[in-house]
Amino acid sequence: MAETPALTLEFIPPAPDDARYAGELELRYRVLREPLGMGRDTVRFRFEDDTLHLVALDRVGGVVGCVLFHAESATGGRLLQMAVTPSLQGHGVGAALVRALEAALRKRGVHHVHLHARDEAIGFYERLGYAICGAPFVEVGIGHHPMDRDLRQGD
C-alpha cells in the first residue's frame, strides 16, 4: 500500500451553507453515482440530517474522502457512502476514515456496524475486519454483499 497522504479528518454537519458538505456531496456524486449514470438528485438520503458525516480534507481544505454512519439503534447502525477521490484510492485514505469513524462510534457505545459493500469493495472491508453476513443482492443496479463487524472485537 502506498503512503497515506497528509490529511485532516473532521466530522461535519450536513449543512447546505458548509463548503465541506458541498464538497462531500460532490465527491459522493462523482465517485458513487455518476459512474452508474445516476443523477445528482440521487446523492442525498432522506435520513441525511440524522447521519454522522466524516470527511478527509487535503491541505487546502478540499474533500478527498468521506464516510457516513446512520444510527439505527443505541448500539448499532449502517456505514454508507464511503468514497475516496480516485487518484488517492489505495493510499490508505478509506481505511483511515473507517478506523476514525469506528473509534468515534466506540466512544458513543456503538458496537455493531453493518454495510452494503459493492462487489469490488469486499476485500477492502474484509481487511478492516468486516465479514459477509448474507446473500448477495443488487442495489443501484450493481452487485452488493451485506457485511458487518462487531466493534467490541479487536482491530
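**Architecture and local environments of the predicted chain**

In the predicted model, residues 24 or more positions apart in sequence supply 59% of the chain's contacts with a separation of 6 or more. The secondary structure comprises three helices and eight strands. Read from the N terminus, these elements follow the order β-α-β-β-β-α-β-α-β-β-β.

The overall dimensions were examined next. The C-alpha trace extends over about 35 × 35 × 35 Å along its principal axes. For 155 residues, a compact globule would be expected to have a radius of gyration near 15 Å, and the value of 15 Å computed for the chain therefore agrees with that expectation. Of the 155 residues, 44% are classed as buried. The accessible surface of the chain amounts to about 7900 Å², and carbon and sulfur atoms contribute 53% of that area. The chain carries 17 positive and 21 negative charges, and the mean positions of the two sets lie 3 Å apart.

No disulfide is present, the count for the structure being zero. The environments of Cys66 and Cys133 were considered in this context. Cys66 has a relative accessibility of 0% and is therefore classed as buried. Cys133, by contrast, is partly exposed because its relative accessibility is 42%.

Strand S3 spans residues 63-71 and contains both His70 and Ala71. The relative accessibility of His70 is 15%, under the 20% limit, so His70 is assigned to the buried class. Residues up to four places away in sequence being disregarded, His70 makes contact with Phe47, Asp50, Thr51, Gly77, Arg78 and Leu80. Ala71 has a relative accessibility of 42% and therefore falls in the partly exposed class. With the exclusion of residues up to four places away in sequence, the contacts of Ala71 are with Gly76 and Gly77. Gly77 thus appears among the contacts of His70 and also among those of Ala71.

Two C-alpha separations place Ala71 relative to the C-terminal part of the sequence. Ala71 and His144 are 73 residues apart along the chain, and 21 Å separates their C-alpha atoms. For Ala71 and Arg152, a sequence separation of 81 residues corresponds to a C-alpha distance of 17 Å. Arg152 is located in the segment that follows strand S8 (142-150), and its relative accessibility of 57% is the reason why it is classed as exposed.

Strand S4, formed by residues 76-84, includes Gln81. Although Gln81 is not a glycine, its phi angle is positive, at about 55°. The relative accessibility of Gln81 is 9%, and the residue is therefore counted as buried. A positive phi also occurs at Val140, likewise not a glycine, with a value of about 45°. Val140 belongs to the loop that connects strand S7 (137-139) with S8. Its relative accessible area of 30% lies between the limits of 20% and 50%, so Val140 is partly exposed. The two residues with positive phi described here therefore differ in setting, Gln81 being buried at 9% and Val140 partly exposed at 30%.

Strand S1, residues 8-12, contains Leu9. This leucine has a relative accessibility of 33%, and Leu9 is therefore classed as partly exposed. Beyond its neighbours within four places in sequence, Leu9 contacts Leu54, Val55 and Ala56, together with Ala96, Leu97 and Ala100. The C-alpha atom of Leu9 lies 15 Å from that of Leu105, a residue 96 positions away in sequence.

Helix H3 covers residues 122-127 and includes Arg127. The relative accessible area of Arg127 is 63%, over the 50% limit, and Arg127 is therefore exposed. The C-alpha atoms of Arg127 and Ala95 are 9.0 Å apart, with 32 residues separating the pair along the sequence.

How values were computed: Residues numbered from 1 in each chain as written. Predicted model: local features only at pLDDT ≥ 70, side-chain atom pairs only at ≥ 80, totals over all residues. Heavy atoms only, no water. Helix = DSSP H or I, 4+ residues; strand = E, 2+ residues; numbered from the N terminus. Rg over C-alpha atoms; globule rule 2.2 N^0.38 Å. Buried < 20%, exposed > 50% of the residue type's maximum accessible area, 1.4 Å probe, protein only. Contact = heavy atoms within 4.5 Å. Areas by Shrake-Rupley, 256 points an atom, 1.4 Å probe, with all protein chains shown as cover. Lys, Arg positive; Asp, Glu negative; His and termini not counted. Charge placed at Lys NZ, Arg CZ, Asp CG, Glu CD. Disulfide = S-S within 2.5 Å.
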